[in-house]
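Student: I am new to this structure and would like to go through it step by step. Could we look at it together?

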Amino acid sequence: MKALLSNMMICLMVLAAACSSPKAKNAGTADSDADTATVAEHTLPRQVTIAMVGDIMMGNTWPHDRLPVDDGKHLFSDAAAILQKADMACGNLEGVIAPPETGSPRKNPQSKMAFMFKMPPRYTTYLKEAGFDFLSLANNHIYDFFSDPITYTEKVLKEAGIGFAGAKDPRKKDGHTLTAYKTHNGVTYGYAAFSVDYYTARLQDYELVKSIIKELRSNSDVVLINFHGGNEGKGVQRLPHGEEIFYGESRGNIREFTHMCIDNGADVVFGSGPHVVRAIECYKGHFIAYSLGNFCTCGMGINGLNGLAPCITVTIDPSDGTFKSGTIHAFRQQYMAGPKVDKSGEVIREIRNLTQADISNSALRIADDGTISIK
């Protein structure tokens, strides 16, 4: 019996070492959708599931309507069951939700690079029905029409019961939300979002990031960090070391940022921005997705790697946030029709290959069917 117990202990030690040692953390409770929460010890379930996707831009009304098939009613039909089943589902809202007359263009309309995104308010229903719980407003398109449309976006998301975070008004006239909380089945989730732009909570401002995570950690059982950063364009699917630059602009040191988030109390960190997928990692027992690419970007290029639209679900232990298992659900965008199931599983192979190439001694195994497990 002692030999058996000894062998079991060795196995457990090897498993822990493969994913590094997890951090300790406090448990907490909060009222659903409360702006603040009060920590108190309580019993947590053994596991919870988080669903995460990349950029969402459901159509555009600027400078004229470019809207999806059937006015977008079926954009998320293939993915909704996965999002709804998860305890929390998150994504990046790439642009504002506001009437055409709200706000004015911030960029030169004559420029070929003046991409600006404004989605119809009625499309908020599609996000709610799909099952989204949190959406990032921290990205390079949230301030396309200055601050008023951000306020409108926050209003309609709040009315729909969807949490949001990440936008800032550089004029400091309008206060926007940097943290959000939700309680589901006795577990309180704290959420924050970061990007690289001056009108967002900036991921390069490590002191700000640490202070926000500290607040979330004090008030939540599970801390979720969403980011929008890294280079973009063709050939950027590889994850570099050091700072990334795009047209002279800092797009952050993404490896350093994500590891810093985990080191300071985050449980799951995931992002988008490059418009293509990148590697995944298990760092000190916690899951990181370096880029989930585009999920539903109507009217934008979806050829090749730009069309890959994964939804990743991860199961974690809410008592310490450590990764237990996961799945890469394979979707590919169809033009003006949203993400559709991709039976070829192309995005699974792409993420697996990138993880093998960019994460030294990766602790994760990715199976052909998209299952993610600890080696």
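## Strands, a helix and the core

Tutor: Let us begin with strand E2, keeping in mind that this is a predicted model. Six of the six residues of E2 are buried, so the strand is largely enclosed by the rest of the structure.

Student: In which sense do E1 and E2 pair, and over how many bridges?

Tutor: Strand E1 covers residues 48-57, and one of the links to E2 joins methionine 52 to its bridge partner, cysteine 90. Together with helix H2 (residues 80-85), the two strands also make a right-handed β-α-β unit. The pairing of E1 with E2 is in the parallel sense, over five bridges.

Student: Which residue in E5 is the bridge partner of cysteine 90?

Tutor: E2 also pairs with E5, again in the parallel sense, over three bridges. Cysteine 90, which is the bridge partner of methionine 52, has as its bridge partner in E5 phenylalanine 134.

Student: How far apart are the end C-alpha atoms of helix H4, and what span should its 12 residues have?

Tutor: Helix H4 runs over residues 148-159, and at 1.5 Å a residue its 12 residues should span 16 Å. The expected span agrees with the separation of the end C-alpha atoms, which is 17 Å.

Student: Which residues of H4 are buried?

Tutor: What covers the buried residues of this helix includes strands E2, E3, E5 and E6 as well as helix H3. An α-helix has 3.6 residues a turn, so residues three or four places apart point the same way. In H4, the buried residues are Pro149, Ile150, Thr153, Glu154, Val156 and Leu157.

Student: Which strand gives the most to the largest nonpolar core?

Tutor: The largest nonpolar core has 67 residues, and Met52, Leu224, Ile225, Phe287 and Ile312 touch the most other members. The strand that gives the most to this core, with six residues, is E8 (residues 187-195).

Student: How many residues are in the second, separate core?

Tutor: Among the members of this second core are Val53, Ile97, Tyr123 and Leu137. The number of residues in this separate core is 45.

Student: Is alanine 330 buried or exposed, and what is its relative accessible area?

Tutor: Alanine 330 lies in the loop between strands E17 and E18. Leaving out residues up to four places away in sequence, alanine 330 touches Lys340, Val341, Asp342, Gly345, Val347 and Ile348. Because buried means under 20% relative accessible area, alanine 330 counts as buried, with a value of 13%.

Note on methods. Residues are numbered from 1 along each chain as its sequence is written. This is a predicted model: local features need pLDDT of at least 70, side-chain atom pairs count only at pLDDT 80 or more; totals for chains, interfaces and linings use all residues. Side-chain values use heavy atoms; hydrogens and water are left out. Helices (H or I, at least four residues) and strands (E, at least two) are DSSP runs, numbered from the N terminus. The expected span of a helix is 1.5 Å times one less than its number of residues. Buried means under 20% relative accessible area, exposed over 50%, partly exposed in between (1.4 Å probe, protein chains only). Contact means heavy atoms within 4.5 Å. Two strands pair if DSSP finds at least two bridges between them. A crossover is right-handed if, with the strands pointing away from the viewer, the path from the first strand over the helix to the second runs clockwise. A nonpolar core is a set of buried Ala, Val, Leu, Ile, Met, Phe, Trp, Tyr and Cys residues joined through side-chain atoms within 4.5 Å.
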